[in-house]
Amino acid sequence: MVSIRRKARELALQVLYQMEITGDPSPTGPDSFWGHFPSRAGARDFAQRLIAGTVEHRTEIDGLLETALENWKLGRLSKVDLIILRLATYELLFCPDIPLNVSIDEAIEIGNRYGSDDSSAFINGVLDQVADAKGLKESERPEP
């Protein structure tokens, strides 16, 4: 059975993908998605937190990702991988209540499900670079 938070991360991925494809980053962007794809309240609440935070901090997140992507540009990434990286980077930087290893592991698993064959290893490597660049340490985060 998929946890509520995993489901929320998958919903956030889908909403952010829709926003990326349509070019509509407005706060009301997710409303049409929720109208077509209702979800459990807990999953939706956490997804909304991830969506809002990722959109709010997108410029900073993209800057960190650009630095971590040696010899790559964000535009060359698949949209799915890019959005997974944005979501996970938001969690790493702005969700101190979530252990680092959980954020990274969840991103890898979602990459396995929605990305290409190489997505999980790629996502893992980039997120490790982001965590190292920001000096994030697992020992400074709460226990799961």
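In the predicted model, Arg 86 is buried, with a relative accessible area of 6%. Its salt-bridge partner is Asp 62, and the closest N and O atoms of the two residues are 2.8 Å apart. Because Arg 86 belongs to helix α5 and Asp 62 to helix α4, this pair ties together parts of the chain that are 24 residues apart in sequence. Asp 62 likewise counts as buried, at 13% relative accessibility. The pair belongs to a network in which salt bridges with shared partners join Glu 20, Arg 58, Asp 62, Lys 79 and Arg 86.

Arg 86 also contributes to the lining of the largest pocket, as do Glu 20 and Arg 58. The space in this pocket amounts to about 170 Å³. Elements supplying two or more residues to its lining are α1 (4-22), α3 (41-56) and α5 (79-94). Helix α1 accounts for the largest share, three residues. Besides the residues already named, the lining includes Leu 16, Met 19, Thr 54, Val 55 and Ile 83, together with Gly 23, Asp 24 and Pro 25. By character, five residues of the lining are nonpolar, two are polar and four are charged.

In total, 10 salt bridges were found in a search of the whole structure. Two of them converge on Glu 106. In one, the side chain of Arg 6 meets that of Glu 106, with an N to O distance of 2.7 Å. Arg 6 lies in helix α1 and Glu 106 in helix α6, so the bridge ties together parts that are 100 residues apart in sequence. In the other, Arg 9 pairs with Glu 106, the closest N and O atoms being 3.5 Å apart. This pair also links distant parts of the chain, with Arg 9 in helix α1 and Glu 106 in helix α6, 97 residues apart. Both partners of the latter bridge are buried: the relative accessible area is 5% for Arg 9 and 13% for Glu 106.

The surroundings of Arg 9 combine charged and nonpolar side chains. When residues up to four places away in sequence are not counted, Arg 9 touches the charged residues Glu 91 and Glu 106, as well as Phe 46, Leu 50, Leu 87, Ile 98, Val 102 and Ile 110. Arg 9 and Glu 106 further appear together in the lining of the largest cavity, alongside Leu 13, Ile 84, Leu 87, Ala 88, Glu 91, Ser 103, Ala 107 and Ile 110. The volume of this cavity is about 80 Å³, and the search of the whole structure finds one cavity of 30 Å³ or more. At least two lining residues come from each of α1, α5 and α6 (100-114). The lining of the cavity comprises six nonpolar residues, one polar residue and three charged residues.

The largest nonpolar core contains 39 residues, of which Ile 51, Leu 65, Ile 84, Leu 85, Leu 87, Val 126 and Leu 127 touch the most other members. Two or more residues of this core are drawn from each of α1, α3, α4 (58-68), α5, α6 and α7 (119-133). Helix α5 gives the most, with nine residues. Two of the core residues named above, Ile 84 and Leu 87, also line the largest cavity. For Leu 85, contacts beyond its neighbours within four places in sequence are made with Leu 65, Leu 77, Phe 122, Ile 123, Val 126 and Leu 127.

Key:
Residues are numbered from 1 along each chain as its sequence is written. This is a predicted model: local features need pLDDT of at least 70, side-chain atom pairs count only at pLDDT 80 or more; totals for chains, interfaces and linings use all residues. Side-chain values use heavy atoms; hydrogens and water are left out. On a 1 Å grid over the protein atoms alone, a cavity is a set of points where a 1.4 Å probe fits but cannot get out, and a pocket is an open set with protein on both sides within 12 Å along at least five of seven lines; lining residues have an atom within 4 Å of a point. Grid points are joined across faces, edges and corners, and a volume is the space filled by probe spheres set on the points. Helices (H or I, at least four residues) and strands (E, at least two) are DSSP runs, numbered from the N terminus. Buried means under 20% relative accessible area, exposed over 50%, partly exposed in between (1.4 Å probe, protein chains only). Contact means heavy atoms within 4.5 Å. A nonpolar core is a set of buried Ala, Val, Leu, Ile, Met, Phe, Trp, Tyr and Cys residues joined through side-chain atoms within 4.5 Å. A salt bridge is a side-chain nitrogen of Lys or Arg within 4 Å of a carboxyl oxygen of Asp or Glu.
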